[in-house]
Amino acid sequence: ACDPTHRDMKFLPWGGIAAHLSRNGSEAPPLKGNAFCFLPLPAETGLPVHINGQFELSANRRDIWYGEDMTGDGHIRSLWNRLLLADVIAPLYAQMLLSAGRIL
């Protein structure tokens with residue numbers, strides 16, 4: 001996905017994590033994390049944080065490209081989303097956990 005031959009697909013390795021750590025000095029309520037691509041997506045992450053990333057989405061913006069059985073551009077888009085999660089989102093999540101441990 002990061003191959004220069006795919007430059008026309010305009011992949012951008014951008015992401016972020018949003019966590020609700022406390023409210024007025026007390027513990028924050030439980031959160032069902034959602035996925036965002038600037039706007040909310042109908043996908044829960046299974047994490048207690050929201051994730052936002054420059055994901056490759058379906059034409060109707062309802063689905064994140066994902067799957068091992070794709071070919072062509074679909075395969076490249078799916079690979080990009082997996083790389084974005086592994087190389088951008090996961091390190092951000094780990095850093096947030098470390099930072100939260102120091103704050104709380």
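This section describes the fold, strand pairing, helix and selected side-chain contacts of a predicted model.

The secondary structure of the protein chain consists of one helix and six strands. Read from the N terminus, the elements follow the order β-β-β-β-β-β-α, with the helix H1 covering residues 72-103. Along the principal axes, the C-alpha atoms occupy a box of roughly 50 × 25 × 20 Å. The chain has 104 residues, of which 30% count as buried. Of the contacts between residues at least 6 apart in sequence, 48% join residues at least 24 apart.

Strand S4 takes part in two of the pairings described here, one with S5 and one with S6. S4 (residues 34-37) and S5 (residues 39-44) are antiparallel and are joined by three bridges. Within this pairing, Leu-39 of S5 stands opposite Cys-37. The hairpin formed by S4 and S5 has one residue between the strands, and Phe-38 adopts a positive phi near 70 degrees there. The pairing of S4 with S6 (residues 50-53) is parallel and rests on two bridges. Here Ala-35 has Ile-51 of S6 as its bridge partner.

Helix H1 contains 32 residues, and the distance from its first C-alpha to its last is 45 Å, close to the 46 Å expected at 1.5 Å a residue. The helix nevertheless bends by about 35 degrees at Ile-89, and the proline Pro-91 follows within four residues. Ile-89 itself is one of the buried residues of H1; others include Gly-74, Ile-76, Ser-78, Trp-80 and Asn-81 in the earlier part of the list, and Leu-84, Val-88, Tyr-93, Met-96 and Ala-100. Several of these positions can be read against the helical repeat. An α-helix has 3.6 residues a turn, so residues three or four places apart point the same way. Trp-80, Leu-84 and Val-88 are among the buried residues of the helix. The buried residues of H1 pack against S1 and S6.

Two aromatic pairs are present in the structure. In one, the ring centres of Phe-11 and Trp-80 lie 4.7 Å apart and the planes meet at 10 degrees, so the pair is classed as stacked. This pair connects distant parts of the chain, since Phe-11 belongs to the segment before S1 and Trp-80 to H1, 69 residues apart. Phe-11 and Trp-80 are both buried. The other pair, Trp-14 with Phe-38, is also stacked, with 5.1 Å from centre to centre and 15 degrees between the planes. Trp-14 lies in the segment before S1 and Phe-38 in the loop between S4 and S5, so this pair ties together parts of the chain that are 24 residues apart in sequence. Trp-14 has a relative accessibility of 37% and therefore counts as partly exposed. Phe-38, at 48%, is likewise partly exposed, because the class of exposed residues begins over 50%.

The loop between S6 and H1 includes Glu-56 and Ser-58. Glu-56 has a relative accessible area of 11% and is therefore buried. Its side chain makes a polar contact of 2.3 Å with the side chain of Arg-77. Apart from residues up to four places away in sequence, Glu-56 touches Met-9, Phe-11, Asp-63, Ile-64, Trp-65, Arg-77, Trp-80 and Asn-81. Both members of the Phe-11 and Trp-80 pair are thus among the residues that Glu-56 touches. For Ser-58, a polar contact of 2.6 Å connects the side chain with that of Asn-60. With residues up to four places away again set aside, Ser-58 touches Asp-63 and Trp-65, two residues that also appear among the contacts of Glu-56.

His-20 is placed in the loop between strand S1 (15-18) and strand S2 (22-23). With a relative accessible area of 36%, His-20 is partly exposed. Beyond its neighbours within four places in sequence, His-20 is in contact with Ala-28 and Pro-29. His-20 and Arg-61 are separated by 41 residues in sequence and by 26 Å in space, C-alpha to C-alpha.

Terms used: Residues are numbered from 1 along each chain as its sequence is written. This is a predicted model: local features need pLDDT of at least 70, side-chain atom pairs count only at pLDDT 80 or more; totals for chains, interfaces and linings use all residues. Side-chain values use heavy atoms; hydrogens and water are left out. Buried means under 20% relative accessible area, exposed over 50%, partly exposed in between (1.4 Å probe, protein chains only). Contact means heavy atoms within 4.5 Å. Two strands pair if DSSP finds at least two bridges between them. Rings of Phe, Tyr and Trp (its six-membered ring) pair if their centres lie within 6.5 Å; planes under 30 degrees apart count as stacked, over 60 as edge-to-face and the rest as tilted. A polar contact is a pair of N or O atoms within 3.5 Å; within protein, one must be able to donate a hydrogen and the other to accept it, and residues adjacent in sequence count only if both atoms are side-chain atoms. The expected span of a helix is 1.5 Å times one less than its number of residues. The bend at a residue is the angle between axes fitted to the seven residues ending there and the seven starting there.
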